[in-house]
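Open the model in your viewer and keep the sequence panel beside it. Each stop below says what to select and what is there.

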Amino acid sequence: MPQDVAAREPSLPPSVTKVVEAGKALGLSIAPRLMPSSTRTAQEAAAACGCTVAQIVKSLLFTGATSGRSYLLLVSGANRVDERAAMRLLGEALERPDANRVRETTGFAIGGVPPLGHATPSPVWFDEDLLGFDVVWAAAGHPSAVFPVDPKVLARVTGATAAKLS
C-alpha cells in the first residue's frame, strides 16, 4: 500500500486522515485499510485482517478513580486487563469512562479509538504480549478502519511503558 494513503485516497473518513497525520508527526507511516465490515471488536478486527485475535491492539481508556486522570492501555485482543495489576502499576484504582468521556478525551468513538493522535494525550502502557509479534493491527480512527504496525515501533512512538497488563 502506498505510504501516503491519505493524500492518494480522498475517500478516507476525516478521522482516519487524522490518524495518518498523527502517525506522520511521530515519524510513523500509517497505511490504513478500510474494511468492508466492522472492526469494532477484537474478534471482528482479527477476522477482517486475517490474523489472530492476539495480534489486535485494543486501545482502552481508563480513568483514575482518585485523580480523574486518563490512562491509555494498549492491550492484546486476546487479553483482558487485570485491573488490580494495572492499579498497582498506576498507583490508583481505575474506572471505565463512558462513551462521551472517551470521545472527549481521545477525539474518537469507541470501536475506532486508535493508539495515537488523541485530542488529549494520556500516559500509555503497552501490553508486553503484543511485543511477541512482528505485526499487530490497531484501530485507525473509524469502526471499519485498521492499520498494520510493528509493535515495537508502536510502543516507541506512543511513548508507552511496556508492562504485563493481563
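Two strands are said to pair if DSSP finds at least two bridges between them. Helices (H or I, at least four residues) and strands (E, at least two) are DSSP runs, numbered from the N terminus. This is a predicted model, in which local features need pLDDT of at least 70 and side-chain atom pairs count only at pLDDT 80 or more, while totals for chains, interfaces and linings use all residues. Residues are numbered from 1 along each chain as its sequence is written, and side-chain values use heavy atoms, with hydrogens and water left out.

**Stop 1: strand β7 and its partners**

Select residues 145-149, which make up strand β7. Four of the five residues in β7 are buried, where buried means under 20% relative accessible area, exposed means over 50%, and partly exposed is in between (1.4 Å probe, protein chains only).

Add residues 33-34, strand β1, which runs antiparallel to β7 and is joined to it by two bridges. Which residue of β7 is the bridge partner of leucine 34? It is alanine 145.

Now add residues 136-139, strand β6; β6 and β7 are paired antiparallel over four bridges. Here valine 136 has valine 149 of β7 as its bridge partner. β6 and β7 form a hairpin, with five residues between the two strands. In the turn, click glycine 141: its phi is positive, about 95 degrees.

**Stop 2: helix α2**

Select residues 14-25, the twelve residues of helix α2. From first C-alpha to last, α2 reaches 16 Å, close to the 16 Å expected at 1.5 Å a residue; the expected span is 1.5 Å times one less than the number of residues.

Colour Val16, Val19, Val20, Ala22 and Gly23, which are buried. These residues lie on the same side of α2 because they cover an arc of only 160 degrees around the axis, the arc being that of the directions from the helix axis to the C-beta atoms. Pro14 and Ala25 are exposed, on the face turned away from the buried side. After α2 comes glycine 27, with a positive phi near 85 degrees.

**Stop 3: salt bridges**

How many salt bridges does a search of the whole structure find? It finds two, a salt bridge being a side-chain nitrogen of Lys or Arg within 4 Å of a carboxyl oxygen of Asp or Glu.

Stay on α2 and show glutamate 21 and lysine 24, whose closest N and O atoms are 3.6 Å apart in a salt bridge. The two are separated by about one helical turn because they are three residues apart in α2. Glutamate 21 is partly exposed at 38% relative accessible area, and lysine 24 is partly exposed at 42%.

Next show aspartate 129 and lysine 164, which form a salt bridge at 3.1 Å, N to O. Aspartate 129 is in the loop between β5 (124-127) and β6, and lysine 164 is in the segment after β8 (161-163), so the pair ties together parts 35 residues apart in sequence.

**Stop 4: rings**

Turn to the one aromatic pair found in the whole structure. The ring centres of tyrosine 71 and tryptophan 125 are 5.9 Å apart and the planes are at 65 degrees, so the pair is edge-to-face. Rings of Phe, Tyr and Trp (its six-membered ring) pair if their centres lie within 6.5 Å; planes under 30 degrees apart count as stacked, over 60 as edge-to-face and the rest as tilted. Both tyrosine 71 and tryptophan 125 are buried.
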